[in-house]
Amino acid sequence: MILGVDIGGNYITVAGVDSKTNKLSETNLVSISVDNKAKADEILERWLFAIQKAIDTLEEPIQGIGIAVPGPFDYYNGIFAFKMQQKYTSLFCLNIKEILKKKLQLPDNLPVRFYNDAACFGIGEVWKGKLKSVRRGLGITLGAGFGATFLFHGLPLRSGEGIPKDGELYHISYKDGIADDFFSTRWFTKRYKELTNITIKTIDELTEASLKNDTVVQQIFSEFSENLGDFLSPWLQSYNAEAMVIGGSIAKAWPFFAVNLEKKLKSLGCTIKIHKSELKENAILLGSARLVNDTFYKGLPF
């Protein structure tokens, strides 16, 4: 059995993946909240607890651990080598790979591998999801942040024709900020506050608010669709993408923006297929588990 781990902005989810069938086991799934602004010891304690709990439920020996982590991060060495601006700042300079191996008492030869969470989402979608038969695809995650990965024959790309720096889009300039400012939950909460003077924290709260103030919610999602289509179109066309899959918490509001997004893209000459992820969070868990495969891992760009 392999453990797939998804470290999000405020949670950790761990699940067992059968290395023979490549299927995710719900019986081994552990998910707990994490305070990303806590001290290093507190964060690591939560991570270790979740991983150990999942290990304890395995009926077969563990063959490796693949971990999806948001950037910036030294993925090859497993170190928080770069200081994050809004989360996990207390982990700066810590070697997470060494800490996990020591605290969990893992054998030296057991693979513990890390990769970008958005890239793992894309890897999972190519392996088992909507991008399975797609040669050139784009996977994006819309939630606490804006994640993206350009995929070619199942592997994420970090450079090349039509590919932005590091293969990511969150840092690209857009309007009076960067893409992450417009395609994340905080944009929705900010815009709703501007229009109603009411504070919300989640996309679920926004969609529920449509029952009371449908016109405002429709306006917000219409603006979001216009902006997202306007931003993505040049990249989709320059990369010559065949299909795109969207996941993350904002994807739960699919009926509120998908049709308008498709219309906007078509109006800009972009006619690719757009899919809502059916794997959802499991795509990241499957993608991270895939890291344990030596042949696949050696093909990844760092």
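In this predicted model, helix 1 covers residues 40–57, and its length can be checked with simple arithmetic. At 1.5 Å a residue, its 18 residues should span 26 Å, and the end C-alpha atoms are indeed 26 Å apart, so expectation and model agree.

Helix 1 also has an inner side. Its buried residues are Ala40, Ile43, Leu44, Trp47, Leu48, Ala50, Ile51, Ala54 and Ile55. Viewed down the helix axis, these buried residues fall within an arc of 160 degrees, so they line one face of the helix. A general rule helps to make sense of such a pattern: an α-helix has 3.6 residues a turn, so residues three or four places apart point the same way. On the face turned away from the buried side sit the exposed residues Asp41, Glu45 and Asp56. The cover over the buried residues of helix 1 includes strand 1 (2–7), strand 2 (11–17), strand 3, strand 4 (64–69) and helix 2 (96–103).

Strand 3, one of the elements in that cover, runs through residues 24–33 and contains serine 25. Is serine 25 buried or exposed? With a relative accessible area of 17%, serine 25 counts as buried, because the cut-off for that label is under 20%. Leaving aside neighbours within four places in sequence, serine 25 is in contact with Met1, Ala15 and Gly16. Alanine 15 is ten residues away from serine 25 in sequence, yet their C-alpha atoms are 6.5 Å apart in space. The side chain of serine 25 also makes a polar contact of 2.9 Å with the side chain of asparagine 28.

A second buried polar residue story can be told for strand 5 (residues 112–116), which holds arginine 113. Arginine 113 is buried, with a relative accessible area of 15%. Which side chain does the side chain of arginine 113 meet in a polar contact? The partner is aspartate 294, at 2.8 Å. Beyond four places in sequence, the contacts of arginine 113 are Ile65, Gly66, Ile67, Leu291, Val292, Asn293, Asp294 and Tyr297.

Strand 6 (residues 136–142) is largely enclosed by the rest of the structure, because six of its seven residues are buried. A hairpin of three residues joins strand 6 to strand 7, and these two strands pair in the antiparallel sense over seven bridges. Strand 6 is also joined to strand 11 (residues 243–247) by five bridges, here in the parallel sense. Glycine 137 illustrates both pairings: its bridge partner in strand 7 is leucine 151, and its bridge partner in strand 11 is alanine 243.

Conventions: Residues are numbered from 1 along each chain as its sequence is written. This is a predicted model: local features need pLDDT of at least 70, side-chain atom pairs count only at pLDDT 80 or more; totals for chains, interfaces and linings use all residues. Side-chain values use heavy atoms; hydrogens and water are left out. Helices (H or I, at least four residues) and strands (E, at least two) are DSSP runs, numbered from the N terminus. Buried means under 20% relative accessible area, exposed over 50%, partly exposed in between (1.4 Å probe, protein chains only). Contact means heavy atoms within 4.5 Å. A polar contact is a pair of N or O atoms within 3.5 Å; within protein, one must be able to donate a hydrogen and the other to accept it, and residues adjacent in sequence count only if both atoms are side-chain atoms. The expected span of a helix is 1.5 Å times one less than its number of residues. The arc is that of the directions from the helix axis to the C-beta atoms. Two strands pair if DSSP finds at least two bridges between them.
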